Amino acid sequence: MLGLDGPAYPEPWGLRLDIRDGFMLSLIRGEQAGEELARTVHFGAALSSAGAAREVRDRLRGRGVPEVEWEDSDDYVGAKVSDPDGYVVELAYEPRPAVAGGAMAAGTPNAPPPKNGDAALARLLAGNKRLVQGTTRGPRRDSIRRTEVAEGQRPFAIILTCSDSRLAPEIVFDEGLGDLFVVRVAGNTAPDPMLIGSMEYSALTFGSTLLMVLGHAGCGAVEATIDVVTKGFVPPGELGAATAPIVPAVQAVLGRPADQLLDAAIQENVRQTVQSLGQVPTLAKLVQGGKLKIAGYEYQLRTGEVTAI
């Protein structure tokens, strides 16, 4: 009927139609999605290229289908339309990401949620390995996933990390929308009940099985704290609120050589944060029940690798 050169299969949001070098998605809202799909897009154009996608959009316009919105760029062509019965259909073409050997990836379906903290950690480390090797997939970041998670989220891991702009967990671990519950604050500490409450929320509400404290090399907050401790530096404004929780970590490693002090303080800060989170009653209960794992890691800015602390 549609003249596609690939399979069609159902998804929770409707029906997805794959082709060789891209995909067309028909996202149906409402009942009797199959009938509505057949009635709305029976013109049969295969979205094997951006040009074909534009042709589909133009045919929809020619048939008088009310247009909600559309987008046309180098790597995405799509039209979101509605019909008199109130259905919404999204037709889009996106080239699939290239993978090793010049082949095209077969899309980025939802990965099953990890069963426990160890499995969650293994998944994150596998994604980070792809980042280091330059083979990232960029999964679950398309319009399909965006629409799906608009209905709800179930992040499998909580990441407490620094606000540093060079450290983006979804990129570091090659994950997508709705996979990670990220809490970011300068110095990746958690002295504030609001920060702890945010992590408790994900663990209790969404069943996240891993809480990772992720520090990073060259952390400016830790470096400033060293100046506070060793030079009496007084941070301006409210910056002291970011350095104060790191002071105990710096004090604990003051005996290290000067050229090793920053790295030692960064790692000690992660250790102390992991320890303090493990003493939060709500989180401790989850850990004791085998429902949550708390781990500390450090991200290397130059290599992209995360290493255990």
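This dialogue walks through a few features of a predicted model, from the whole chain down to one helix pair and one residue.

Reader: Before turning to details, how many helices and strands are there in the protein chain, and what percentage of its residues is buried?

Author: The predicted model has 11 helices and 11 strands in the protein chain, and of its 309 residues 44% are buried. If one takes the contacts between residues at least 6 apart in sequence, 61% of them join residues at least 24 apart.

Reader: How should I read the packing of two helices, and at what angle do the axes of α7 and α10 cross?

Author: Angles of 65 to 115 degrees between axes count as roughly perpendicular. Here the axes of helix α7, residues 220–231, and helix α10, residues 258–278, come within 10 Å and cross at roughly 110 degrees, which means that α7 is roughly perpendicular to α10. The crossing of these two helices is right-handed, and the contact is made by V222, E223 and I226 on the α7 side, with L261, L262, A265, I266 and N269 on the α10 side.

Reader: Turning to a charged residue, where does E200 lie, is E200 buried or exposed, and which residues is E200 in contact with beyond its neighbours within four places in sequence?

Author: A salt bridge requires a side-chain nitrogen of Lys or Arg within 4 Å of a carboxyl oxygen of Asp or Glu. E200, which lies in helix α6 (residues 193–206), is buried yet has no salt bridge, and K285, the nearest side chain of opposite charge, is 11 Å away. Once neighbours within four places in sequence are left aside, E200 is in contact with T205, V280, T282 and L283.

Note on methods:
Residues numbered from 1 in each chain as written. Predicted model: local features only at pLDDT ≥ 70, side-chain atom pairs only at ≥ 80, totals over all residues. Heavy atoms only, no water. Helix = DSSP H or I, 4+ residues; strand = E, 2+ residues; numbered from the N terminus. Buried < 20%, exposed > 50% of the residue type's maximum accessible area, 1.4 Å probe, protein only. Lys, Arg positive; Asp, Glu negative; His and termini not counted. Contact = heavy atoms within 4.5 Å. Axes fitted to C-alpha atoms, helices over the stretch in contact; angles between N-to-C directions. Parallel < 35°, antiparallel > 145°, perpendicular 65-115°, else oblique. Left-handed = near helix turned anticlockwise from the far one by under 90°.
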